[in-house]
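Here is a short round of questions and answers for someone new to protein structures. Keep the sequence and the 3D view open while you read.

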Amino acid sequence: NALIRSRALASVEAWSATGTSLVDVPDARIAYSTVWTGSKMIVWGGLNGSYSEMNTGGAYDPISDTWRATSLTGAPMARSNHTAVWTGSKMIVWGGFNNTLGQVTSSGAIYDPQTDTWKTMSLINAPAARYDHTAVWTGSKMIVWGGYSGGLLNDGGEYDPATDSWTSITLTGAPVARRFHSAVWTGSKMIVWGGQEVTNAYVNTGAIYDPLTDTWKTMSTTNAPSARGRQFVVWTGSKMIVWGGADASSSFNTGAVYDPVADTWTTMTTTAAPQGRVGGLGVWTGSKMIVWGGGGPTATTTGGLYDPVSNTWTSTTLTNAPSARMSVAGVWTGSKMIVWGGTDGVTPNSTGAIYDPTTDSWSAMTNTSAPSARLYHTAVWTGSKMIVWGGYDGVSTYLVTGAIYDPVANSWATLSNTNQTERGRHTAVWTGSKMIVWGGADNSSGWDNSGSLYTPSQYEGNLMVEGDGYFNGSLQVVGD
């Protein structure tokens, strides 16, 4: 065997608290909204440790490592279960619920992080108060639809921030009120389909909303999937694929492809289709949909690769596949799917594998230096590596550990935990060069309002390979 020797000459790996002091750090909270502006992370609203709504927030700048509290002047009333969309320059907050006041609201405001100012949104023609609604950004307007306010709703509105005006969405042809439905933005229209309506019955109906003409077009039900909710849905760029999901008694392995231009459903073959499930991974590769893992009702290790052009399923091989699990973390690298961690419903897992859809093959991930078993962790893709951090051990402890996985070298590098505290159920975003971690829960104080900025390692060194040219193992060289 070849002899591998490497010498690290320099290493720069560090956690730093998000903000060198606690000045302006948002209070601990859950159910808050988070948007990434392209350079800053804005946290706003949500519930504190006493489950009271808040109207405070903060903007974190990873370059200067500082928080700036969002102004309270003109800020919307405290709320949770609201929506927040990023327009490209401003954050729009609308709707939500304030349990302390017993109010559902139809108010909102626009936050400008450049000037740290709020602008109250007009209430004229605004949709009725609601929470748990959906909101999509079209590129120039925000569309709000559905939600709950003492009952399920099927109305909505379109907000234009340039003119501070609402335009009501017509009810003519609108879908019946529902939840657990799918809503996708095609680039010009919003498609709503499936879910559970006011009588708790599941439906297989839907409609397409055109904001330019303010019209709904009822979707054909011919060859549509059976009534269901919590289904896998992907937008291919021209069609919507619906598969899986469940109703009150069964999970499904059926689905269909919807063409909004032709208003036609094409039934997906069930030949070689995976077993029905919810709660697994579903990714769009650019040409195919991969479904893997999840439960139906028990955890599974099976999956499938669906090609909408040929209407065929190819079972993902079981050779070297990860063990059955739910709540698995996964990232799409651009050519492969990496899955790691999760639970079989009882015991957390510390293993994973890489799936290559081109060759239909799994490659086992090494366990050397891998993080311990966990769930409620985060996984981010840096463009070349996957960072796993934090989570819960499944027994009693939130974790302060993590690691960076290099799929090329098939190796883990343990993350330093200096300047870091344990947590799970947190937020993690990748800025392009750093990972920001904020909020979540820890072992002592409950909900956490601290955060950290992680800068991955960079190594410089030399490498010598001696022997017969055969290497049976893994080698990690991290650097630029």
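Q: Which residue in S28 does Trp284 stand opposite?
A: This is a predicted model. Four bridges join S27 to strand S28, residues 289–292, and the two run antiparallel. Across this pair, the residue in S28 opposite Trp284 is Met289.

Q: Which strands stand at the edges of the sheet S27-S28-S29-S30?
A: The sheet is open, has four strands and pairs them antiparallel. An edge strand has a single partner strand, so one side of it is left without a neighbour in the sheet. The strands in that position are S27 (281–284) and S30 (312–315).

Q: By how many degrees are neighbouring strands of this sheet turned against each other on average, direction ignored?
A: The order to follow is S27-S28-S29-S30. Going between neighbouring strands, with direction ignored, the average turn is 20°.

Q: Which residue in S21 stands opposite Met190?
A: Look at another open sheet of four strands, with the order S18-S19-S21-S22 and antiparallel pairing. Within this sheet, strand S19 (residues 190–193) and strand S21 (residues 206–210) pair over four bridges. Opposite Met190 stands Tyr209.

Q: Which strands are at the edges of the sheet S18-S19-S21-S22?
A: The sheet is open, with antiparallel pairing. Each edge strand has a single partner, so one of its sides lacks a neighbour in the sheet. These strands are S18 (182–185) and S22 (215–218).

Q: Is Asp210 buried or exposed?
A: Asp210 forms a salt bridge with Lys189, at 4.0 Å from N to O. The pair links distant parts of the chain: Lys189 sits in the loop between S18 and S19, Asp210 in strand S21, 21 residues apart. Lys189 is partly exposed at 31%. Asp210 has a relative accessible area of 15%, and because buried means under 20%, Asp210 counts as buried.

Q: How many residues apart in sequence are the parts tied together by Asp160 and Lys141?
A: Their side chains meet in a salt bridge, 4.0 Å from N to O. Asp160 lies in strand S15 (residues 156–160), and Lys141 lies in the loop between S13 and strand S14 (142–145). The pair therefore ties together parts whose separation in sequence is 19 residues.

Q: What is the relative accessible area of Lys336?
A: The side chain of Lys336 meets that of Asp356 in a salt bridge, 3.9 Å from N to O. Asp356 is buried, with a value of 15%. Lys336 is partly exposed, and its relative accessible area is 31%.

Q: Which strand gives the most residues to the largest nonpolar core?
A: This core has 19 residues, and those with the most contacts inside it are Ile338, Met365, Met386 and Trp412. Several strands give two or more residues, among them S32 (337–340), S36 (386–389) and S40 (435–438). With four residues, the top contributor is S36.

Q: How many residues are in the second, separate core?
A: Its members include Val283, Leu305, Ala321 and Tyr355. The count for this core is 12 residues.

Q: Which backbone oxygens lie 2.9 Å from the side chain of Arg130?
A: Arg130 is in the loop between strand S12 (117–120) and strand S13 (134–137). Arg130 is buried, with a relative accessible area of 0%. One backbone oxygen reached at 2.9 Å belongs to Ala128. Another at 2.9 Å from a polar atom of this side chain belongs to Gly146.

Note on methods
Residues numbered from 1 in each chain as written. Predicted model: local features only at pLDDT ≥ 70, side-chain atom pairs only at ≥ 80, totals over all residues. Heavy atoms only, no water. Buried < 20%, exposed > 50% of the residue type's maximum accessible area, 1.4 Å probe, protein only. Polar contact = N/O pair within 3.5 Å; in protein donor to acceptor, adjacent residues only side chain to side chain. Pairing = 2+ DSSP bridges. Axes fitted to C-alpha atoms, helices over the stretch in contact; angles between N-to-C directions. Core = buried A, V, L, I, M, F, W, Y, C linked by side-chain atoms within 4.5 Å.
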